[in-house]
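Thanks for coming, everyone. Let me put the structure up, and then we'll walk through a few parts of it.

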Amino acid sequence: MCMHLSRGGCLSSVVLPRRPRAPRLRRCNTTSSPTEKPFYITTPIFYPNARPHIGHLYSLVTADIIARYQRILNPTRPVVFLTGTDEHGLKMQQTALAKGVDPLDWCNTISTEFHKLAQRADVSGTVFMRTTQESHKQTVRHVWRSLVAGGLIYKDTYEGYYSTTDESFYPSSRISPHPTLPNTMIATETGSVVEWSREVNYKFRMSPFRDALLAHYNHAAALNAQAKDGLTVRGVHPDSHQLRIIRDLEVEPLEDLSISRPRERIGWGIGVPDDPTQTVYVWFDALLVYLSGIGYPGTGNAWPPDVQVIGKDIVRFHAIYLPAILSALKLPLPTTLLAHAHWTANQKKMSKSLGNATDPMQAMDDYGVDAVRFYLARVGGRFRDDVDWSEEQLRKHADQSRNLLGNYFLRVTSRVIKNRVRDAISAAQDKSFNGLLSRQLANVDLSQTPDISAYAELDAPRTTEAFLPLLDNLGGVVSGCMRNLEVAEGLHAIVQVLRYANTLLTNLAPWSEGKSAAIAVSSYLTALETLRIVGILLQPFLPSTAAKLLGALGVPEMERTVAYARLGRGSVKEDVLGVKGVKLFSVPAGK
C-alpha cells in the first residue's frame with residue numbers, strides 16, 4: 001500500500017482541529033511486493049515559531065524532487081515522504097504567551113502555514129507529522145523507557161552553555177566569542193548567542209556509541225571514495241560535512257547529552273515518563289518524529305530512511321545525536337543525510353530576527369510554482385555553498401524555462417511545419433509517430449553512450465544524427481546524477497538538451513521552403529521525441545508543467561517513467577499531426 005495526500009499526491013489543505021492529528025490519507029494500491037522496503041525520505045521537522053521562509057521551501061522542494069524521481073525510476077516501489085512541524089519548546093511557549101493564546105492554538109495556526117506551503121509548492125508528501133500528536137508522544141515515551149531500561153538515561157546537574165534561539169545545549173568546545181559584542185559567547189555552528197546555565201535534568205549516555213559512529217562514517221567515506229555501486233553519497237553529503245564529523249569524533253569525546261528541562265522552566269512539551277518535574281528536551285522530542293511518522297514501535301518496513309534532507313546548521317543533531325539514539329535502540333542508521341547550504345539575503349542567512357526573509361508564497365504567486373521550483377533546483381541544487389536569493393535571477397530562470405521548453409513546443413507544432421510534414425508523409429504507408437520515427441532511427445548510430453561531460457559543451461550538435469545519441473542517453477545521465485543527489489547537475493543536462501534542440505531547430509529551419517521535405521519530417525519527429533523524453537525527466541522538477549506537456553503530447557500514463565526515456569521507447573498521439581501546441585507557462589502580470 002502507498003499513501004498520498006489530496007489530489008496529485010500533494011499535501012492537502014486542512015482545517016487543523018483543537019486536538020492535533022495527522023491529515024487524512026487516501027490509500028492507493030501498487031503492484032509492489034508487500035515486503036519490499038519503501039523508499040523513505042524526510043525533510044527537517046520545521047520549527048514553526050514564525051511563518052515559513054524560502055529556506056523551508058528549499059528543503060521541501062529538494063526532498064520532493066528526490067521523492068518524485070524515485071517514483072518514476074521504480075514505479076512499483078512505494079515512497080514514504082515525511083515532513084512536519086516541531087511544536088514544543090521554550091520559544092513556542094514564549095510566543096504563545098506574548099500573543100495571549102494557548103500554546104496549542106498557536107501551534108495549530110502556524111503549523112497550518114507550513115501545510116499550506118507544501119500544498120502550494122506541489123510537494124508530494126505522504127505523511128505530515130506534528131510533535132503535538134498523541135501518536136508521536138507515545139513513541140517518545142516508548143523510546144525514553146527503552147533507554148532507561150538499557151541504563152542509558154540518568155539524572156544529573158547540567159552546567160554549561162545554552163542557546164534559547166537553537167533550544168540547544170552546547171559543550172565548551174563548540175562555543176566561541178561573539179565577533180562584535182564583548183563578554184558574549186555564541187554557538188560556533190549556528191552563530192546563536194549562548195548563556196551559561198545550571199539546572200537539574202536527565203542525560204543520555206553518548207560515549208558508548210562514539211566508536212560505532214566513527215566506524216560507520218569512516219566506512220561510508222571509504223565506499224564513497226571507491227564509488228562502490230556508483231554511489232558517492234553514503235553517510236553525510238556533501239562530503240565536507242562527513243569529514244568534519246569524522247574529525248570531531250576522532251578528537252573530541254562524546255559528552256553525555258542533556259535530554260530534559262525542568263518543568264518549571266519549560267512547561268510546553270512532553271512530560272518525562274514517571275517524573276512530573278521534567279519536560280523532554282525539544283530536540284530529543286523532535287528527532288523521534290522520523291520514527292513516530294512511520295508508526296514506531298509498531299511493525300513496518302520503511303525504516304531506515306534512504307535520504308534525510310536537512311539544513312547544514314543541524315548536521316550534528318542528525319549525524320551524531322540521532323544515530324546514537326538509534327544505535328541504543330538497535331535500529332539501523334539512515335543511509336544518506338543530505339545537508340544543504342542556505343539561501344541568503346545579501347550574504348546573510350535569512351531569519352525572522354534580521355527581517356530579511358523572502359516570502360515563498362509571494363514568490364510563487366508572482367512567478368509561478370514551477371518557475372520557483374526550477375530556480376531552487378537549478379541554482380541551489382548543488383548544496384555545497386550558500387546561495388544569495390535574487391529576484392532578478394529568479395526572473396531570468398523563469399524566462400529560460402519558458403523560452404527553452406514552452407516556446408520550443410509552440411514552434412515545432414506550428415501550422416507551417418505541420419503542413420510541410422503532412423505533404424511529405426502523404427505517401428507513407430505507416431503514418432503513425434512510432435512508424436515514422438523507427439524509419440528515421442534505422443540509420444542513426446546509437447552505440448555511443450555520452451557521459452555527463454558531453455552535456456557541458458557550449459556548442460550544439462550540428463546535425464540531428466549527432467544530437468540523437470545525447471537525447472537517447474539523457475535518462476541515464478540524469479539518473480546517475482539523481483542517485484548521487486546532484487540535483488542541479490541532472491537538471492542542467494536536461495536544460496542543455498533543450499538548448500541543443502532549440503539551436504538545431506533554428507539551424508535546420510524546417511519551416512523554410514528552401515529546405516527539403518525530409519528535413520522537415522526529421523526535425524518534427526526529433527522535436528516531438530525530445531519533448532516526450534524531456535517531459536518525462538522534468539516531472540520531478542516541474543510537475544505541473546511536465547504533466548501539461550505530456551498530456552498535450554498524448555503520452556500514456558504508464559509510459560511516463562524513466563524506463564521510457566529512451567529513443568523510440570515510448571509513444572505520443574497515434575496521429576503524428578494531431579499534437580497541438582499548448583501554452584505551458586503563464587507570464588505573471590508585470591513580471
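Start with the largest nonpolar core: it has 176 residues. The residues with the most contacts inside this core are Leu147, Phe204, Phe284, Leu474 and Phe541. Which helix gives the largest share of this core? Helix 17 does, with 12 residues. Apart from that core lies another one, of 5 residues. Tyr161, Tyr170, Ile175 and Ala187 are among them. Keep in mind that this is a predicted model.

Why group such residues at all? In soluble globular proteins, nonpolar side chains tend to be buried together.

Take Phe204 from that list. Leave out residues up to four places away in sequence, and Phe204 touches Leu147, Leu152, Phe209, Asp256, Leu257, Ile259, Ala324, Ile325 and Ala328. Leu147 is also on the list of residues with the most contacts in the core.

Now Leu474, from the same list. Leu474 is one of the buried residues of helix 16. That helix runs over residues 474–483 and is mostly covered, with 7 of its 10 residues buried. Besides Leu474, the buried ones are Gly475, Val477, Val478, Ser479, Cys481 and Met482. What do they pack against? Four helices: helix 1 (54–73), helix 15 (464–472), helix 17 (487–508) and helix 18 (517–538). After helix 16 comes Leu485, and its phi is positive, near 60°.

Next, the charged pairs. How many salt bridges does the structure hold? The count is 28. I'll show three.

First pair: Asp306 and Lys37. Their side chains meet in a salt bridge at 2.8 Å, N to O. The two residues are 269 apart, so to speak, in distant parts of the chain. Asp306 sits in the loop between helix 8 (289–292) and strand 16 (307–311). Lys37 sits in the loop between strand 2 (26–28) and strand 3 (39–46). Buried or exposed? Asp306 has a relative accessible area of 15%, under the 20% cut-off, so it counts as buried. Lys37, at 23%, is partly exposed.

Second pair: Lys155 and Asp275. Their closest N and O atoms are 3.0 Å apart. Lys155 is in strand 6 (residues 153–163) and Asp275 is in strand 15 (residues 275–280), so this salt bridge ties together parts 120 residues apart in sequence. Lys155 is partly exposed, at 43% relative accessibility. Asp275 is buried, at 8%.

Third pair: Asp472 and Arg566. Here too the closest N and O atoms are 3.0 Å apart. Asp472 lies in helix 15 and Arg566 in the segment after helix 19 (543–553), so the pair joins parts 94 residues apart in sequence. Asp472 is buried, with a relative accessible area of 6%. Arg566 is partly exposed, at 32%.

Some salt bridges share partners. Asp64, Arg68, Asp122 and Arg373 are joined that way into one network.

Last stop: a helix pair. Two packed helices are described by the angle between their axes and the distance between the axes. Look at helix 3 (residues 103–120) and helix 10 (residues 360–367). Their axes come within 10 Å and cross at roughly 25°. An angle under 35 degrees counts as roughly parallel, so helix 3 and helix 10 are roughly parallel to each other. Their crossing is left-handed. Which residues meet there? From helix 3, Lys116, Leu117 and Arg120; from helix 10, Pro360, Met361, Met364 and Asp365.

Technical notes. Residues numbered from 1 in each chain as written. Predicted model: local features only at pLDDT ≥ 70, side-chain atom pairs only at ≥ 80, totals over all residues. Heavy atoms only, no water. Buried < 20%, exposed > 50% of the residue type's maximum accessible area, 1.4 Å probe, protein only. Contact = heavy atoms within 4.5 Å. Core = buried A, V, L, I, M, F, W, Y, C linked by side-chain atoms within 4.5 Å. Salt bridge = Lys/Arg side-chain N within 4 Å of Asp/Glu carboxyl O. Axes fitted to C-alpha atoms, helices over the stretch in contact; angles between N-to-C directions. Parallel < 35°, antiparallel > 145°, perpendicular 65-115°, else oblique. Left-handed = near helix turned anticlockwise from the far one by under 90°.
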